[in-house]
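Please load the model in your viewer with a cartoon representation, and keep a selection prompt at hand. The tour proceeds stop by stop, with a selection to make at each one.

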Amino acid sequence: MLPPTLILASGSEIRARLLTQAGVRFETRPVRIDENAVRDAFLAEGASPRDLADALAEMKALRPRIVDVLVLGADQVLECDGRIYAKPETPVDAIDHLRQLSGRTHHLYSAAVVCRDGVPLWRHVGHVRMTMHPLSEAFIRDYVARNWDSIRHAVGCYKLEEEGVRLFSRIDGDYFSILGLPLIELLTWLRARGEMST
């Protein structure tokens with residue numbers, strides 16, 4: 001059996017699905033970092049949302065202590081009107097987040113970093129501008145009630161591959177970055193390294 005091309009340092013089902021569908025050999029080894037503490041520290045230092053996403057992805061890629069294997073870390077940061085949004089902890093949080101994003105354009109930064117032996121070899125941060133329709137209070141509450149089990153793990157409280165696509169009037173950027181992984185850029189880099197054939 002061939003060894004994996006890389007280790008995915010994430011428990012994200014959609015990232016694993018994207019890699020599987022693209023034919024990438026990988027193993028999943030989820031890691032834990034205190035994202036809230038990292039976020040607070042970086043923002044206190046005036047870091048940009050883009051830099052925060054990149055830093056979180058790198059921390060995840062560096063966490064597994066594995067020798068001679070590529071390790072992929074990924075993370076997303078959502079910013080709207082100067083506020084950084086995290087994953088909702090409760091349905092009330094999700095309703096509040098959607099209420100604030102309703103009718104506005106927010107920025108989603110999707111970062112990926114690949115490390116080997118504790119050294120970053122490649123990184124990319126995808127940037128997507130996403131404009132929501134104005135949403136009624138009743139729709140928001142019904143949407144969260146219907147989708148809570150799924151959106152509770154999603155920054156922004158939506159999944160574009162599910163009912164969340166209905167929330168948007170305009171999207172400028174890469175679909176895969178919205179799902180949580182700048183896949184085209186990653187595959188291009190892996191191909192250039194000879195890790196994948198065409």
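Begin by colouring by pLDDT, which is the predictor's confidence in each residue, from 0 to 100. Among the elements of the protein, H2 has the lowest mean pLDDT, at 85, and strand S7 (residues 168-172) the highest, at 98; the element names refer to DSSP runs numbered from the N terminus, helices being H or I runs of at least four residues and strands being E runs of at least two. Over the whole protein the average pLDDT is 93, and 97% of the residues score at least 70. Where pLDDT is low, the predicted coordinates should not be read in detail.

This is a predicted model, in which local features need pLDDT of at least 70 and side-chain atom pairs count only at pLDDT 80 or more, while totals for chains, interfaces and linings use all residues. Residues are numbered from 1 along each chain as its sequence is written, and side-chain values use heavy atoms, with hydrogens and water left out.

**The whole chain**

Select everything and follow the cartoon from the N terminus, where the elements run β-α-β-α-α-β-β-α-β-β-α-β-α-α, for a total of seven helices and seven strands. Along the principal axes, the C-alpha atoms fill a box of roughly 50 × 40 × 25 Å. The radius of gyration, taken over C-alpha atoms and compared with a globule rule of 2.2 Å times the number of residues to the power 0.38, is 17 Å, which agrees with the value near 16 Å that a compact globule of 198 residues would have. Buried residues, meaning those under 20% relative accessible area with a 1.4 Å probe and protein chains only (exposed is over 50%, and partly exposed lies in between), make up 48% of the 198 residues.

**Strand S3 and its partners**

Next select residues 70-80, which are strand S3, and show their side chains; 11 of the 11 residues are buried. In a regular strand the side chains alternate between the two faces of the sheet. Here Leu 70, Leu 72, Ala 74, Gln 76, Leu 78 and Cys 80 point one way, whereas Val 71, Gly 73, Asp 75, Val 77 and Glu 79 point the other way. Centre on Leu 78, which counts as buried because its relative accessibility is 0%; a distance drawn from its C-alpha atom to that of Ile 151, 73 residues apart along the chain, should read 14 Å.

Now add the neighbouring strands, where two strands count as paired if DSSP finds at least two bridges between them. Strand S1 (residues 6-8) pairs with S3 in the parallel sense over three bridges, and the bridge partner of Leu 8 in S3 is Leu 72. Strand S5 (residues 105-116) runs antiparallel to S3, to which 10 bridges join it, and S4 is also antiparallel to S3, over three bridges. Zoom in on Glu 79, which stands opposite His 107 in S5 and opposite Ile 84 in S4. The hairpin of S3 and S4 has two residues between the strands, and there Asp 81 takes a positive phi near 50 degrees.

**From S5 to S7**

Extend the selection to residues 119-132, strand S6, which pairs with S5 in the antiparallel sense over 12 bridges; Ala 111 stands opposite Val 125 in S6. These two strands form a hairpin with two residues between them, and Asp 117 in the turn has a positive phi of about 55 degrees. With a relative accessible area of 46%, Asp 117 is partly exposed.

Four bridges then join S6 to S7, the two running antiparallel, and the bridge partner of Thr 131 in S7 is Arg 170. In the loop between H5 and S7, select Cys 157, a residue other than glycine with a positive phi of about 65 degrees. Cys 157 counts as buried, at 0% relative accessibility.

**The largest pocket**

Which residues lie nearest the centre of the largest pocket? Select Ser 12, Arg 15, Lys 87, His 153 and Ala 154, which are the nearest among the 43 residues that line it. A pocket here is an open set of points, on a 1 Å grid over the protein atoms alone, where a 1.4 Å probe fits, with protein on both sides within 12 Å along at least five of seven lines, and lining residues have an atom within 4 Å of a point. About 1,200 Å³ of space lies in this pocket, a volume being the space filled by probe spheres set on the points, which are joined across faces, edges and corners. Finish by showing H1 (13-21), H2 (35-44), S3, S4 (83-85), H5 (137-151) and H6 (175-179), each of which supplies at least two lining residues.
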